[in-house]
Amino acid sequence: MILLEILKMFFIELFTFEKLELFIILLFTGPTLYAMLSGAPFVPTQMKQVNRMLSAVPLKSGMKLYDLGSGDGRLVYKANKDYGVKSIGYEFSPFVWMLSKLLQKTLWRSKAQLIYGNFWDKDLSDADVIVCYLLPSSMKKMKEKIFPKLRQGTLIISHAFSIPDLKAIKILEGDSAQKLGPVYVYSISLKSKPKSNSKTKKR
Ligand SMILES: C[S@@+](CC[C@H](N)C(=O)[O-])C[C@H]1O[C@@H](n2cnc3c(N)ncnc32)[C@H](O)[C@@H]1O
């Protein structure tokens, strides 16, 4: 009888452990898959390209820069270290975010903020500069969802992908010899904000 009870307890424990294991796996892989499919997978920008992107706009100390999908944190780290910019990165993949925190503490010792979270939910209205390396579908969504909330003059630096139907103020052509993709720079103006669908008539 006692043996049966022990066996029962063992199986209950095993069952609970498996559920917990599954929960932990889902907790980590769920957001990672979401970030990969909806935003972009983790592919770090080459350091040469990071420098090209940051030197494409006049960055000044005290400016606020956001990296949407900050990966291992290299762009926010360099922006803070080289230009004294207040840089904030949002990263939704727990693995990648933990890597960025580890690099920040060990190698980079940067004061940049690396925040775990989904950038679509964040208030970016105080941004001077936004950098990103996201899939074309996200660039379109960004134009519709984020642009209307940004200040005029906010600069967007996009690695590899352009924003549909929007004229870039600057394009750094790709360099196939160096395996560097293009860089697109946009400035938020009234024109770059999508037109409102309101049907209110003018009086
Ligand atoms: C192509 S990587 C670029 C990383 C970094 N910006 C760079 O240039 O080295 C895109 C990153 O965006 C993250 N990401 C995608 N969608 C996201 C979202 N909605 N919120 C936060 N991070 C997201 C991915 O997990 C991935 O690490």
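Helices (H or I, at least four residues) and strands (E, at least two) are DSSP runs, numbered from the N terminus. The exercises below use these elements and concern a predicted model.

**Exercise 1. Ligand shell**

Determine which elements each supply at least two residues of the shell around the ligand, and which one gives the most.

*Solution.* Step 1: α1 (2-39), α3 (74-83) and β2 (86-91) are the elements that each supply at least two residues. Step 2: α1 gives the most, with three residues. Step 3: the shell is then sorted by residue class, which yields twelve nonpolar, nine polar and three charged residues. Step 4: of the 24 residues around the ligand, those that come nearest are Ala35, Gly39, Gly69, Gly71 and Phe92.

**Exercise 2. Overall architecture and confidence**

State how many helices and strands the protein has, and identify where the pLDDT is below 50.

*Solution.* Step 1: the secondary structure comes to five helices and seven strands. Step 2: read from the N terminus, the elements run α-α-β-α-β-α-β-β-α-β-β-β. Step 3: the pLDDT averages 87 over the protein, and 84% of the residues score at least 70. Step 4: the pLDDT is below 50 over residues 197-203, a stretch with zero contacts in the model beyond near neighbours in sequence. Step 5: among contacts between residues at least 6 apart in sequence, 70% join residues at least 24 apart.

**Exercise 3. The sheet**

Give the strand order of the sheet and explain why one side of β3 and of β6 is left without a neighbour in the sheet.

*Solution.* Step 1: seven strands form an open sheet with mixed pairing, in the order β3-β2-β1-β4-β5-β7-β6. Step 2: β3 (113-116) and β6 (170-172) stand at the edges and have a single partner strand each, so one side of each lacks a neighbour in the sheet. Step 3: from one strand to the next, the twist averages 15 degrees. Step 4: within the sheet, β1 (residues 64-68) pairs with β2 in the parallel sense over five bridges. Step 5: Leu65 has Ser87, in β2, as its bridge partner. Step 6: helix α2 (residues 47-54) lies across β4 (129-132), β5 (155-159), β6 and β7 (183-187), and runs at about 155 degrees to β5.

**Exercise 4. Helices α3 and α4**

Explain why α3 counts as largely enclosed by the rest of the structure, and list the buried residues of α4.

*Solution.* Step 1: a residue is buried if 20 or more other C-beta atoms lie within 10 Å of its own. Step 2: the residues of α3 that are buried are Arg74, Leu75, Val76, Tyr77, Lys78, Ala79 and Asn80. Step 3: because seven of the ten residues of α3 are buried, this helix is largely enclosed by the rest of the structure. Step 4: the packing partners of these buried residues are α2, β1, β2, α4, β3 and β4. Step 5: in α4 (residues 94-108), the buried residues are Val96, Trp97, Ser100, Gln104 and Trp108, and their cover includes α3, β2 and β3. Step 6: a positive phi follows each helix, about 70 degrees at Gly84 just after α3 and about 45 degrees at Arg109 just after α4.

**Exercise 5. Leu166**

Locate Leu166 and decide whether Leu166 is buried or partly exposed.

*Solution.* Step 1: Leu166 is in the loop between β5 and β6. Step 2: Leu166 has 19 C-beta neighbours inside 10 Å and therefore counts as partly exposed. Step 3: Lys143 is 23 residues away along the chain, and 9.1 Å separates its C-alpha atom from that of Leu166.

Technical notes. Residues are numbered from 1 along each chain as its sequence is written. This is a predicted model: local features need pLDDT of at least 70, side-chain atom pairs count only at pLDDT 80 or more; totals for chains, interfaces and linings use all residues. A residue is near a molecule or strand if its C-beta atom, placed from the backbone, lies within 6 Å of it. Ala, Val, Leu, Ile, Met, Phe, Trp, Tyr, Cys and Pro count as nonpolar, Asp, Glu, Lys and Arg as charged, and the others, Gly among them, as polar. Two strands pair if DSSP finds at least two bridges between them. Axes are lines fitted to C-alpha atoms, for helices over the stretch in contact, and angles run from 0 to 180 degrees between N-to-C directions. Two residues are in contact if their C-beta atoms, placed from the backbone, lie within 7 Å. pLDDT is the predictor's confidence in each residue, from 0 to 100. A residue is buried if 20 or more other C-beta atoms lie within 10 Å of its own, exposed if 12 or fewer, and partly exposed in between; C-beta atoms are placed from the backbone.
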